[in-house]
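Please open the model in your viewer, with the sequence panel beside it, and make each selection as it is named. The stops run from an overview of one chain to a meeting of two helices, and then to a few single residues.

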Amino acid sequence: MKPGGKCPTEDSEEPERRQTEAPFSFTPQLVRLHKDHELFEDGDIHRHMYLQDLYISQEDEPTTSVSEFACHISGCSAVFSALEEYEHHYNSLHRHVCCSCRRSLPSARLLDIHIQEWHDSLFTVLAQRQDMYQCLVEGCGHKFRTSDHRKEHLIRIHKYPPDFRFDKPKKDRGTRETKRPPHKDIAMEEVGDVCESEGVCEVMCDVLSEQPEPGESMETVVEEAAAHLTKAAAAGEDAGLSAAVHSKECLNTETLKPQYSYRVPSTVCFGRGSIRGFRGQRGRRK
Amino acid sequence: MWRLNRVRHKAGRQGGSSEEARLKRREHEKALRQARRDRQLVSKRLLLNEDEEQPEVTMDTMSGEQDVVSLLYKLQHSGPERETHLRALSNTLRGPSAQLSFIKQENSMHLLVSLLTGSNAQCRLHAVRCLHELSHSPHTNVAPACLPATPYLLTYLSGQSTKFTELCLYTLGNLFPDSDIVKEKLLAQGIIPALANCLENQRHNLSVVEAVGFTLSQLLQAKDAAEKIIPQVLASSLPTQLLSVLTPDQNFGLAPAIECAWCLHYLACSEDNRELLARGALLQCSSLLLSLGDAVAEGKKEEGMELLVCPVLRCVGNLLSLCPVDSLSTQVGDVRLAAAVCVLLQAYPHTQPALARESAWVLNNLTAASSDFCSALLSLNLVPGLIQLLPFSQGINTMVLRVLANIAHKKKEFCVQLAQLGLVSTLCATLKMADQEMVTLSLEVLFMLVLSTQQVADEFVRLGGVSLLEAIQYNSEGEMRRRAAYLLEHHLLTHSSDLTVDNVP
């Protein structure tokens with residue numbers, strides 16, 4: 001019962017060239033159903049219950065079901081029964097996501113700072129010689145030589161709690177780091193015009209609620225989920241996700257990486273409020 | 001509608017243990033679903049005795065089997081008490097093990113047939129009742145044992161006694177699905193012409209009409225019906241007869257129309273339903289649907305009405321799919337049919353989602369081919385009601401969205417009207433649904449609307465559509481990503497003020 005394959009023709013005002021490229025294929029279709037079609041199942045059952053003297057009026061057994069909403073971000077399997085829940089979920093967890101490491105940050109500014117401090121090699125170099133760590137409080141403007149100094153500042157001056165979630169220094173995590181080998185950054189610099197994200201830009205939402213990670217920094221991702229996804233993808237289980245690999249040119253330099261990487265071409269405009277990732281050149285241009 | 005009345009009493013009596021009853025029903029329903037998946041969904045009907053209100057639960061014990069043996073003995077050797085013994089036998093034969101015991105006895109069927117064809121009318125009646133009980137057996141080896149009686153049952157179909165004819169019919173209808181041998185024999189013995197004659201002669205006797213309908217429906221559901229049965233049925237007078245009794249009788253109730261409608265549905269599903277079109281089936285079914293829709297709209301929703309609505313909807317749906325477009329107006333007649341189908345669609349999404357889904361399917365077939373129906377939906381102000389159905393799942397919303405897409409596809413003016421009715425903001429919600437087909441269809445509809453007028457694009461952007469489409473670009477489905485990307489690039493981003501320097505390479 002899927003629609004057939006012609007582009008709409010008569011309504012379009014687009015020039016010919018564009019029209020043939022448009023990936024839309026809906027055409028009205030007459031649908032014929034044979035007697036054993038699954039669409040007919042419920043009606044047939046009702047009929048036979050009647051024949052077998054088991055009919056009851058359906059008024060007392062309402063069976064409505066309402067369509068669910070689901071997060072689009074690939075790999076996030078969150079599902080909602082109300083639109084507001086979806087909105088809240090998306091805004092909380094997917095708006096400011098670092099493409100490189102899939103971490104979700106609560107605001108654009110913190111995302112910027114995260115990207116700079118964690119994924120910008122230039123930052124690392126400069127930080128050896130100058131004060132680069134910005135105060136997290138907007139408008140403060142102070143910069144510090146190390147993240148510890150900044151943390152002290154936040155606690156002393158701005159009265160932040162010592163265990164503030166969004167200011168943890170980048171640690172050398174064993175298993176996680178090995179998933180993303182260091183020369184990834186180099187690869188990204190070579191491909192200047194696209195943001196290559198290794199994993200899918202997403203947050204493992206359903207695992208989220210189970211354990212907030214202690215000692216991790218400005219993110220809300222859980223590694224078990226990432227590991228699980230990697231395993232699944234590597235096993236080629238998720239055909240839908242692996243299709244993503246083929247849809248754009250894949251410059252994965254590591255064969256062991258998860259199979260579901262996206263690349264987001266720079267021609268797509270994202271604006272401030274959405275998912276961004278590390279773009280090697282961008283960091284440079286500043 | 002005598003059957004439904006009886007069932008209501010039964011259900012009412014079991015009101016005390018309603019939770020138990022509900023559980024049992026659910027179990028039963030599950031079994032039926034599995035049977036359908038295995039293509040083995042078969043039902044039998046038991047015509048109750050006049051004094052019975054519900055089938056008595058017979059104690060299925062050893063005594064039943066012994067009773068059979070002793071009764072048979074008595075029947076062979078008695079004179080005037082035969083009637084009594086026969087009656088007792090028919091009661092005993094309600095038990096499955098008694099049924100098995102009966103067919104094991106030598107000459108038992110031979111005896112029964114002689115009583116069936118004898119000169120005593122009461123004995124004939126009781127004998128056919130015995131056969132009827134046997135036909136209702138859950139054991140499939142009972143039916144072949146009844147074969148000696150079938151030629152006579154068929155002959156009696158042209159008789160005049162209502163009760164007797166009914167019993168013959170239901171017996172035949174029960175026997176038919178049980179084995180291939182029985183099917184073969186009955187077809188060879190001319191069951192189809194016999195049914196046609198019976199229906200023709202007894203058209204005004206609605207109990208008999210109901211019984212013929214049931215029996216025919218048993219034939220038409222057979223696995224190989226398409227090759228062996230349907231061509232013969234289509235060639236006979238049966239389709240015309242069925243169509244003529246389709247309108248329910250006020251006094252008698254829906255039951256005969258229900259049976260005939262199901263027969264027509266099985267016929268309309270076949271490859272060969274042009275024959276049906278030629279006999280005016282689409283016109284007849286459409287006008288029936290129109291009157292059913294009117295009745296529902298006026299609040300006169302009769303109990304069991306959905307049992308009739310369902311097969312009629314299906315007939316219309318399938319006949320539409322083969323109807324040549326240019327003859328659509330003569331075949332279907334009134335565009336108000338669209339309104340009737342919408343009424344049905346909106347009457348059932350809570351209680352019978354399947355019926356709502358099937359109504360939406362019919363609307364799809366109406367709007368796919370015909371611009372007249374599309375414009376009727378708009379001019380009769382039916383679209384807002386359709387839009388309100390888009391939250392409902394189980395296939396209802398995908399079909400409804402398909403209908404809206406059909407309308408949008410016809411003309412730009414229709415797109416404009418759809419946009420004015422608030423479709424754009426609804427699409428912002430449907431684009432977030434879990435159902436992939438909904439999202440893809442929403443993108444298609446959005447594309448058509450956007451092409452029609454600038455205002456749609458503006459409105460969509462105003463409603464936050466750009467970030468919605470951006471999110472879709474992270475979806476795992478390539479089909480969705482491509483469409484969303486195209487819309488962003490070619491139609492929406494020229495409006496967006498979000499273009500930043502960062503993105504320029």
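Begin by selecting chain A and colouring it by pLDDT, since this is a predicted model: the average over chain A is 61, and 48% of the residues score at least 70. Next select residues 1-19 of chain A, where pLDDT stays under 50 and for which the model has 46 contacts beyond four places in sequence. Then move to residues 277-286 of chain A, where the pLDDT is again below 50 and the model has 23 contacts beyond near neighbours in sequence. Where pLDDT is low, the predicted coordinates should not be read in detail.

With the cartoon of chain A displayed, you can go through its 12 helices and six strands. Of the 286 residues in chain A, 49% are buried, and among its contacts with a separation of 6 or more, 50% join residues that lie 24 or more positions apart.

Now bring in the second chain by selecting helix 2 of chain A, residues 41-51, together with helix 2 of chain B, residues 18-37. At what angle do the axes of these two helices cross? They come within 10 Å of each other and cross at roughly 120 degrees, and helix 2 of chain A and helix 2 of chain B are therefore oblique to each other. The crossing of these two helices is right-handed.

To see which residues make this contact, show side chains on both helices: helix 2 of chain A contributes Glu41(A), Asp42(A), Asp44(A), Ile45(A), His48(A) and Met49(A), while helix 2 of chain B contributes Arg25(B), His28(B), Glu29(B), Leu32(B), Arg33(B), Arg36(B) and Arg37(B). Coloured by residue class, the residues of this contact divide into three nonpolar, two polar and eight charged.

Follow chain A onward to Asp53(A), which sits in the loop between helix 2 and strand 1 (69-70) of chain A. Although Asp53(A) is not a glycine, its phi is positive, at about 60 degrees. Is Asp53(A) buried or exposed? Its relative accessible area is 15%, so Asp53(A) is buried.

A residue to set beside it is Asn381(B), found in the loop between helix 24 (371-379) and helix 25 (383-387) of chain B. Asn381(B) also has a positive phi without being a glycine, here near 55 degrees, but with a relative accessible area of 52% Asn381(B) is exposed.

Staying in chain B, select Val113(B), which is part of helix 6 (residues 108-116) and, at 11% relative accessibility, counts as buried. Leaving aside residues up to four places away in sequence, Val113(B) touches Pro148(B), Ala149(B) and Tyr152(B). If you draw a distance from the C-alpha atom of Val113(B) to that of Leu100(B), 13 residues apart along the chain, the separation is 17 Å.

The last stop is Gln160(B), in the loop between helix 9 (150-156) and helix 10 (162-175) of chain B. Gln160(B) counts as exposed, because its relative accessibility is 63%. Which residues does Gln160(B) touch, not counting those up to four places away in sequence? They are Thr165(B) and Gln202(B). As a final distance, the C-alpha atoms of Gln160(B) and Asn201(B), which are 41 residues apart along the chain, are separated by 9.3 Å.

Terms used:
Residues numbered from 1 in each chain as written. Chains lettered and ligands numbered in written order. Predicted model: local features only at pLDDT ≥ 70, side-chain atom pairs only at ≥ 80, totals over all residues. Heavy atoms only, no water. Axes fitted to C-alpha atoms, helices over the stretch in contact; angles between N-to-C directions. Helix = DSSP H or I, 4+ residues; strand = E, 2+ residues; numbered from the N terminus. Parallel < 35°, antiparallel > 145°, perpendicular 65-115°, else oblique. Left-handed = near helix turned anticlockwise from the far one by under 90°. Contact = heavy atoms within 4.5 Å. Nonpolar A, V, L, I, M, F, W, Y, C, P; charged D, E, K, R; others polar. pLDDT = per-residue confidence, 0-100. Buried < 20%, exposed > 50% of the residue type's maximum accessible area, 1.4 Å probe, protein only.
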